[in-house]
Structure formats: C-alpha cells, structure tokens
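User: Please take a close look at one strand of this model and at what surrounds it. I would like a connected account that begins with that strand and then works outward to the rest of the structure.

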Amino acid sequence: MRTYSQIQGDGGSGAEQIADLEAAIARRMAGIRHVVAVGSGKGGVGKSTLTRQLGAVLAAAGKRVGILDADLNGPSQAMLHGVRNVPPLPGEEGLLLPVSREGVKVLSVGSLLAEGEALSWPSASPRHTHVWRATRELAKLAELLSAVHWGPLDVLLVDLPPGPERTAQFADFLGPQTAVVLVSIPSALARGVVARSVSALGALPNRLLGYVENMSGYACAGCGTVRPLFPESQEAAELSLPCLGRVPFDPQLAALSDDGRAITEVPEAGPIAAALAETARTLFERLEEVP
Amino acid sequence: MKFLCVPCDSQMRLRATEENEPSSLSVVYECPECGYEMAMLTNQHETDMVRSLGVRIGPAAAAAMANPGMAASGEPGASRCPFSAMLGGTTQVEAATPSGPEWTPGALARLESIPEMVRPMARAGIEMVARENGHQVIDETVLADARARFGM
C-alpha cells in the first residue's frame, strides 16, 4: 500500500490551494523592500497611533509607505488615516487601496465596515470557535493580501493585534523576511508583557529590530519640556533590545489621530514631532543594515 | 488529506461536495480503477476547520481557482464565502443593487476579481460615483472615474 508522500497531489483537497495562495501573496509583495511588523504584546500602549504616525513621517521623508492593519477585529488604521469611507477598488492589476493625504496606502477592515460594526464569525459549532478562529482570521487576511496591488514600496508597516502569542503568530504568518518592532511604555507591567513577546519571538527566524518606548514622558504644551508620565520603577524588566526611540505623550497627537490626520501636517509640532522623526530615521537605518 | 483505495492501491479522486446540512459537508471520493465510491461526512468541528482554511472544495474548485471571476458553486452570484454573512451592514448594499445602475459584464468581472469581503463596499462606492456622474450603466470608464474620485 502506498504512503502519503508516494502519492502526487492531494486528490482535490485544500493543500495545493494553500500553496497557490502563499505563492500569490509572495508575488504581490515582491515589490516591497521592507516589511515591518509592529507589535507589542500589551494592548493600549499606542501601537496603532505610533504605526500610523511613523508611516506619515517616513512618507514625508520621501519613502513609499504602505500600512497593513492586521487587526481584523479591532481595525483602527482606516480611521487614523482618514480613509474610513474610502473603499478599496478593483484596478488593472489587482485591488487598489485607499491612500491617505500623505500618500500612504492603507489596507484596513475599517474601510469595509460601518463605524461601530464588528465582524462576526458564523460557526457550525457554537461555543467552540476558539478551535478555528485564528485560522479563519489568517485565512481571510491571506485572501486579501493575495489580491492587493501594493506597487513598489520602501516600507510596509503591519499593525499587529495585541498579545505576545499573536505577535509571534503574525510574524510567522508574514514570513521570515519580516522584521519586528515592539512598542512599550515606561511601566513595569507593559515591559513585562513586551519581554514575553521577545521570548515568544525567540523561536522564529524573524529579525527583531528593537523597541520604541511610547508615552515616554509628557510633552508640556505650555513650556515645551518633557516630564515623567509614569513613576520610575526598579522592577521594570530590562528589554534586551536596542531602543529605536522614545516618543512622549502629547494630547495634540490624540486629537490629530481622532481626526485622521498626521503629525507632519502640523508645523512647529514640538518634541513629539522631533521624537517621531528621529525614531523613523533610526528604524529605517536599522532596516537598511545588513543583518 | 488523501484517500487510497486499498485493493487497487490507487488514489481516490474527489467527485462531489455537498452541503446537505448547515454543519456538515459530504465529500464524495471515487476510485478511478474500480469505481468504488466513499463519502466523508464531516462533523461540525471538521466543517468549521475546513471552512477556516479559506479553500474551495468541490469539482468546480479547480476551475474557480483558474478563473477567480467564476462562482465556485456554478451558480452566478452565489456566495460560498462565510465572510459575506459577517458583513451585516454591507450585505444590505448588495441587496439594494437591483435598483441601482446596471453593470456591464466586463465591469462585473472586474468587481468579482477582488476578494468577496471587499466587494460590497467597492460596489457601493462605484455605484455612488456612477450616480454622482449621472451614469446608468457601470463600465470600465465608470470604474476609472471611481478610482480617480477616491484618489487611486
């Protein structure tokens, strides 16, 4: 009796289709110079806002930038880029994406849903969705990626959903050429979770570029100085990673984000603009380094 | 997963896929040598797992993969994608389209070439542009207008 490997093909089931899909994604992303997954492990650290603003700063520096919102259940990039009501459209060479005012191409489920509406995941086995949920999400993301015409890009920033295991899962999904940047805030709790993400990523071949410390102090609108936002902690885990930059908290940025605007639209934006520019420059330099 | 006809030592071929119950797939294989047929009936968990992989299963799958504009079920406009049911608000847009502008076969093929989860919003956006410009029929020109309108 013949064994599995002695039989060519799989008789019409899905393995060949999955291989074809992966090949299609690779073709679609062949014109992208650097893919950077931005994760954290910890929710609420400002990862999506940071990703959006770093993309704008890179675009302002002349880079061709795309943003992939990989959080299908909590998409935010469409709103952050002011393209929530702009649908992706069929083009000559594939799916064309909404483009922000700064010229950043944005793929986000937030462009496909009404505000406040969430994706639902119908199931044949209610109460057991945990078995297949992640698989279905990634299959849908793969389907989208196999159709998108990104064109040539210098950087594709991928905004990951929170969770150390999700960070590693998506890095694996995006492939070994994808670099990873982690976002933390100066609290012991956040640093501990980010340290777990570092550990989870350790089993993968992906290049871990470093971390960005967000909310690194409070930028006073009155005097322009940056003051501590979190208490100094002796127990905060040391992240064995290069720090790519420290970005202060600024209420101005929160207002801009709600309005779908970028920091690059604001002249004299103060310490946060300088910090974002420096972080983006360091990030791109690290990407260009041969590992 | 592969199926082998043990007496013939021959790989069985997928012959048909049916969804007789909402939570079960009936996948029929036959032996090309002796003609023996067998059916795999999935339980609800296996059904979910197969669906979650995002693959098409059935005799039309190969043709559909070669020509993404063709409905896998063989029925024009039929949906096999579980995602369409997830987009509650946007499926209403599709339901409303019979009273909207007509689509030429070429423009419709272009729309059907993009992932199903994107189509309702894309269709709504294109039809909005058609109405804005007074077009009764959506063709390649209107698609180009829509791309320009949305800055693409």
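Analyst: In this predicted model, strand E8 of chain A, residues 208-219, has 9 of its 12 residues buried, so the strand is largely enclosed by the rest of the structure.

The pairing of this strand can be followed partner by partner. With strand E7 of chain A, residues 179-184, E8(A) pairs in the parallel sense over 5 bridges. Within that pairing, A:Val181 stands opposite A:Gly210 of E8(A), and A:Ser184 has A:Glu213 of E8(A) as its bridge partner. E8(A) also pairs in the parallel sense with strand E10 of chain A, residues 243-249, again over 5 bridges, and here A:Tyr218 stands opposite A:Phe249 of E10(A). A further partner is strand E9 of chain A, residues 226-227, which runs antiparallel to E8(A) and is joined to it by 2 bridges. A:Tyr218 takes part in this pairing as well, standing opposite A:Arg227 of E9(A). The hairpin formed by E8(A) and E9(A) has 6 residues between the strands, and in it A:Gly224 takes a positive phi near 80°.

The backbone of E8(A) itself has a point that deserves attention. A:Met215, whose place is in strand E8 of chain A, has a positive phi of about 50° although it is not a glycine. The cut-off for a buried residue is 20 or more other C-beta atoms within 10 Å, and because A:Met215 has 22 C-beta neighbours inside 10 Å, it counts as buried. A residue with which A:Met215 may be set side by side is B:Asp9, which is not a glycine either and has a positive phi of about 55°. B:Asp9, however, lies in the loop between strand E1 (4-5) and strand E2 (10-11) of chain B, and with 12 other C-beta atoms within 10 Å it is exposed.

Moving outward from E8(A) to its partner E7(A), one finds that 6 of the 6 residues of E7(A) are buried. A:Ala179, A:Val181 and A:Val183 point one way from E7(A), while A:Val180, A:Leu182 and A:Ser184 point the other way, and all of them are buried. E7(A) is in turn joined by 4 bridges to strand E1 of chain A, residues 32-39, the two running parallel, and the bridge partner of A:Val36 in E7(A) is A:Ala179.

These strands lead into the nonpolar interior. The largest nonpolar core has 93 residues, and those that touch the most other members are A:Val36, A:Ala37, A:Leu157, A:Val158, A:Val181, A:Leu276 and B:Ile126. A:Val181 is thus named both here and opposite A:Gly210 in E8(A). In soluble globular proteins, nonpolar side chains tend to be buried together. For A:Leu157, leaving aside its neighbours within four places in sequence, the contacts are A:Val36, A:Val38, A:Thr51, A:Leu54, A:Gly55, A:Val65 and A:Ile67. Apart from the largest core lies another, of 9 residues, among them B:Cys5, B:Met12, B:Tyr29 and B:Val50.

Helix H2 of chain A, residues 47-60, is mostly covered, with 13 of its 14 residues buried. Its first and last C-alpha atoms are 20 Å apart, close to the 20 Å expected at 1.5 Å a residue, and just after H2(A) the residue A:Gly62 takes a positive phi of about 95°.

A:Ala70, in the loop between strand E2 (65-69) and helix H3 (77-80) of chain A, is buried, with 26 other C-beta atoms within 10 Å. Its contacts, apart from neighbours within four places in sequence, are A:Leu141, A:Val158, A:Asp159, A:Leu160, A:Pro161 and A:Phe170.

Finally, there is the boundary between the chains, where 45 residues of chain A are in contact with 52 residues of chain B. On the side of chain A that touches chain B, the elements giving two or more residues are helix H1 (15-28), strand E3 (89-90), strand E4 (95-96) and helix H4 (133-145) of chain A, and H4(A) gives the most, with 7 residues. By class, that side of chain A has 26 nonpolar, 12 polar and 7 charged residues.

Definitions and conventions:
Residues numbered from 1 in each chain as written. Chains lettered and ligands numbered in written order. Predicted model: local features only at pLDDT ≥ 70, side-chain atom pairs only at ≥ 80, totals over all residues. Contact = placed C-beta atoms within 7 Å. Nonpolar A, V, L, I, M, F, W, Y, C, P; charged D, E, K, R; others polar. Pairing = 2+ DSSP bridges. Expected span 1.5 Å × (residues − 1). Core = buried A, V, L, I, M, F, W, Y, C linked by C-beta atoms within 7 Å.
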